[in-house]
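Q: I am new to this structure and would like a close look at a single part of it, followed by a view of its surroundings. Please take the explanation step by step.

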Amino acid sequence: MSANIEEPELENGEKSELENGEKSELGNIDKSVMENLEKSELENVEKSELENVEKSELENGDESEKAVTEPDPKLNDVKETEIGSDELDKSSEVEKTVRPELKKDEGSRTFTMRELLNELKEEDQEITDGDYRKSTNVLDGRDTSSPHSQESTQQQHIGQNNVAIDLIDSVTGMDEEGRSRQRILTFAAKRYANAIERNPEDYDALYNWALVLQESADNVGPDSSSPSKDALLEEACKKYDEATQLCPTLHDAYYNWAIAISDRAKMRGRTKEAEELWKQATKNYEKAVQLNWNSPQALNNWGLALQELSAIVPVREKQTIVRTAISKFRAAIRLQFDFHRAIYNLGTVLYGLAEDTLRTGEQVNTKEVSPNELYSQSAIYIAAAHSLKPNYSVYRSALRLVRSMLPLPFLKVGYLTAPPVGNPIAAHSDWKRTQFVLNHEGLLQINKVEQKQLAQSPSGRLVGAVNVDKSAIRVEVPDIVSVSACADLTLPPGAGLCIDTVHGPVYLVADTWESLDGWLDGIRLVYTIFARGKSDVLAGIITG
């Protein structure tokens, strides 16, 4: 495959910032929640907490609600390196000497401003009643109201609280919306500071305060020095550290802590200090996944952090880290088949791996995947992400770059060992290694004539439609019930694949387990796109 390419460039030097999980969404202020903070409730709070916060400010600080559960990459994901259509037109005129780099996508965080404000309201009533209780989930069942060791640590916590409060008090916000939001965050910080002074072992208050500090960092301009974004994030990390020491099973704290560390790492470029921070972030994501394995967002962000780390470490360590990142993105997809962010990110990391393999110029072993195959795999995931979210400009731009790497008019072409049609329990000697193609309609075994056409075509494409052979295996997408790996001893040697359909199971065998991963993902993605009603988008990509 030629390294010269007349395609839109998606950042060919400095990698994009790692958008490593959407911030806690504390900024997505819900007006209805704020209006429920009635004046009578706020008046019950100590005057010292409210002397700088008027009720009118709190009620008007949320005029532009952005309640987003999965933010549009057009708004949040694409910061410095998103290329719009005008830039694409310009860059297409420039001859590239290496393939351009693809932009990564982000995950999402689970804690929202709505939850925080609801908690504030509940805590306010509890304090007024003279009985402070935590309103968030108690994960380990401990009684944090015990005064044991409280006296010995109270002065230390007061000193730490003062540092954090001073930092938050000095944040003003970059615009009116930011200032309104920051007034609420300042109010929240004082509430949590008071809660910790009452009970230094209240890990929920420490966790929520860390979220407030982390969100306040987003209200600080990049050039601000008083306070600096890094100082706020560093203080947030200290709160997360304290919270997890008190409650080691607080998985959300490890998750958001990793995001804060990643944000600090981004500020340091490709330095040794950044490398250490990325390593810390990956360890915290690992801990978050260990405590909550059913989190595709944490797995996706873990993969992104590994991808960033791979760009800093010595070359001898890079490939191992990249392949680990691939496994995290793949695990995220298998938890949530339509998780388009992880699907897209897997495409970008495979693209980068193809670039590295091609750039080194080393002879690829027969057991290793060739650069051309890696490019093709990358294109499959990017095409799938675009099919699920066709309006996302970053996916659309990436697809322009990689579409030609697909085996058009198919999504995937490769070899599988198959039994004779209608005889899945045939003797191993009767199973034949033949070529299969996958498109928006299903999986089809192609005959020898068509295989010869594919082999002879310079582009690796079949001209015209594939003839339907009644003696060939064909799996229609609407008929699929499930797709899974299969370790059945009755199958020939290799990586077993079972496609369960409404007509019964279809058994096939891939050459390697790595090859099987590609078939599993491809078939699942095609089915997911069909289930989401987006098959026409995928059809347009591979046939248009």
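In which helix is Ser262 found?

A: In this predicted model, Ser262 belongs to helix H11, which covers residues 251–266. Ser262 has a relative accessible area of 0%, and because the cut-off for a buried residue is under 20%, Ser262 counts as buried. A look along the sequence and then through space adds a second point about this residue: Ser262 and Ala305 are separated by 43 residues in sequence, while their C-alpha atoms lie 7.3 Å apart in space.

The setting of this residue is a chain of 544 residues, of which 53% count as buried. The chain has 20 helices and seven strands, and H11, the home of Ser262, is one of its helices. Where contacts in the chain join residues at least 6 apart in sequence, 73% of them are between residues at least 24 apart. On the outside, the chain exposes about 24400 Å², and 48% of that area is supplied by carbon and sulfur atoms.

Further along the chain, two pairs of helices can be followed in detail. In one pair, helix H14 (residues 315–335) packs with helix H15 (residues 340–360) at an angle of about 160°, their axes being 9 Å apart. This angle makes H14 roughly antiparallel to H15, and the crossing of the two is left-handed. From H14, the residues that make the contact include Val322, Ala325, Ile326 and Phe329, together with charged ones such as Lys318 and Arg323, while H15 contributes Leu346, Val349, Leu350 and Leu353, among others. Sorted by class, the residues of the contact of H14 with H15 comprise 12 nonpolar, two polar and four charged.

The other pair is formed by helix H16 (residues 371–388) and helix H17 (residues 393–402), whose axes come within 9 Å and cross at roughly 145°. The crossing of H16 and H17 is left-handed. Here the contact is made by Ala379, Ile382, Ala383, Ala385 and His386 on the H16 side, and by Tyr395, Arg396, Ala398, Leu399 and Val402 on the H17 side. By class, the contact of H16 with H17 holds eight nonpolar residues, one polar and one charged.

To return to the part you asked about, Ser262 is a buried residue of helix H11, with the C-alpha atom of Ala305 at 7.3 Å from its own.

Definitions and conventions
Residues numbered from 1 in each chain as written. Predicted model: local features only at pLDDT ≥ 70, side-chain atom pairs only at ≥ 80, totals over all residues. Heavy atoms only, no water. Helix = DSSP H or I, 4+ residues; strand = E, 2+ residues; numbered from the N terminus. Buried < 20%, exposed > 50% of the residue type's maximum accessible area, 1.4 Å probe, protein only. Contact = heavy atoms within 4.5 Å. Areas by Shrake-Rupley, 256 points an atom, 1.4 Å probe, with all protein chains shown as cover. Axes fitted to C-alpha atoms, helices over the stretch in contact; angles between N-to-C directions. Parallel < 35°, antiparallel > 145°, perpendicular 65-115°, else oblique. Left-handed = near helix turned anticlockwise from the far one by under 90°.
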